[in-house]
Amino acid sequence: MRKFYVVGNLKMNILSREEVTQYLSVLKREAENKHYQHVTLVVCPPFLYLSQFDDLPQGIAKGAQNLFSEKSGAYTGEISPVMLKNDNVEYVILGHSERRRYGGETNEMIRGKILAAIKHHMTPIVCIGETEKERRAEETDRALELQIKTLFSGFSKSQAERVIVAYEPLWAVGTDVVPTTGEILQVRVLLRKLFTEMFDAETAGRIVILYGGSVKSSFLGAVSWEAEMDGVLVGRESLFPYELVKMMGLFEEAAGKEL
Ligand code: PEP
């Protein structure tokens, strides 16, 4: 059965509990009484508000935006995978370009976080992507290969297929510049080839791959199913819950047509 994902990354937005309540009331109103068979929406609010994101409508799950690779201890300001799991978090975004840029996260650090998420039964959504400079120098493939090989180094097949990869070209995040369907498809093909070499074709076929970067519902097909992607990671548009629910509907419809 064809399955899609919409991941909404709320980032460091929504500044009070009251605003969260408002956001949730729209999300619930838009999604209630609908049944989603082919799409899951993962909403990832700031840590502080995670506990408000319980009792979500069918088809919607709760995600976090980061975690620390240790279970507990003297790690001021960090958040434990166990804390997240105990708060019903099912998914966690890892290695977002903003965490790499502002938090100095390296592929090696992110690899440790992926393993921690898997160990504690959450699904890691791992961001990769080339910079504008790398793209101009035609080094996209090399940059992505380096990231994938480090992030998945030493993983078993069963660990690898638990990971969701989000291809987010850095030049498309927050810019309103979007790659063509052909460019995204090329990355899809590259990732499938890399995963086949590292694991096998079956495992490569099971690894979910999303596109992220300036996604809007008006061109959802061009950046997702037309490019053989399994869904999207959405930044700014996720601040509009009705847009996320609209995307769920579009994926549900697209999956229905494929049957
Ligand atoms: C992101 O930050 O992951 C993202 C995709 O943002 P935007 O949709 O705003 O480009």
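Which residue stands opposite I209 in β7? In this predicted model, the residue opposite I209 of β7 is V165. The pairing of strands around β7 is described below, followed by the nonpolar cores, a second pair of strands and the largest pocket.

Strand β7 comprises residues 208-212, and 5 of these 5 residues are buried, so the strand is largely enclosed by the rest of the structure. Its side chains are divided between two directions: V208, L210 and G212 point one way, whereas I209 and Y211 point the other way, and all are buried. This arrangement may be set beside a general rule. In a regular strand, side chains alternate between the two faces of the sheet.

Pairing partners were identified for β7 in strands β6 and β8. Strand β6 (residues 164-167) runs parallel to β7 and is joined to it by 4 bridges. Strand β8 (residues 231-234) also pairs with β7 in the parallel sense, over 2 bridges. Within β8, L233 is the bridge partner of G212.

V165 and I209 recur in the contacts of F195. Not counting residues up to four places away in sequence, F195 touches I148, F152, V165, D200, A204, I207 and I209. The largest nonpolar core contains 68 residues, of which F152 and F195 touch the most other members. Apart from this core lies another, made up of 14 residues, including V7, I93, I125 and C127. A general tendency is relevant to both cores. In soluble globular proteins, nonpolar side chains tend to be buried together.

I93, one of the members of the core of 14 residues, belongs to strand β4 (residues 91-94). From this strand Y91 and I93 point one way and V92 and L94 the other way, and all of them are buried. Strand β3 (residues 60-64) runs parallel to β4, and 2 bridges join the two strands. In this pairing, G63 of β3 stands opposite Y91 of β4.

The largest pocket has a volume of about 400 Å³. It is lined by 18 residues, and those closest to its centre are K11, M12, Q65, N66 and R99. Helix α3, which spans residues 97-103, gives the most to this lining, with 4 residues. Classified by residue type, the lining of the largest pocket consists of 9 nonpolar, 6 polar and 3 charged residues.

Technical notes
Residues numbered from 1 in each chain as written. Predicted model: local features only at pLDDT ≥ 70, side-chain atom pairs only at ≥ 80, totals over all residues. Heavy atoms only, no water. Core = buried A, V, L, I, M, F, W, Y, C linked by side-chain atoms within 4.5 Å. Buried < 20%, exposed > 50% of the residue type's maximum accessible area, 1.4 Å probe, protein only. Contact = heavy atoms within 4.5 Å. 1 Å grid on protein atoms, 1.4 Å probe; cavity = no way out; pocket = protein on both sides within 12 Å on 5 of 7 lines; lining within 4 Å. Points joined across faces, edges and corners; volume = space filled by probe spheres on them. Nonpolar A, V, L, I, M, F, W, Y, C, P; charged D, E, K, R; others polar. Pairing = 2+ DSSP bridges.
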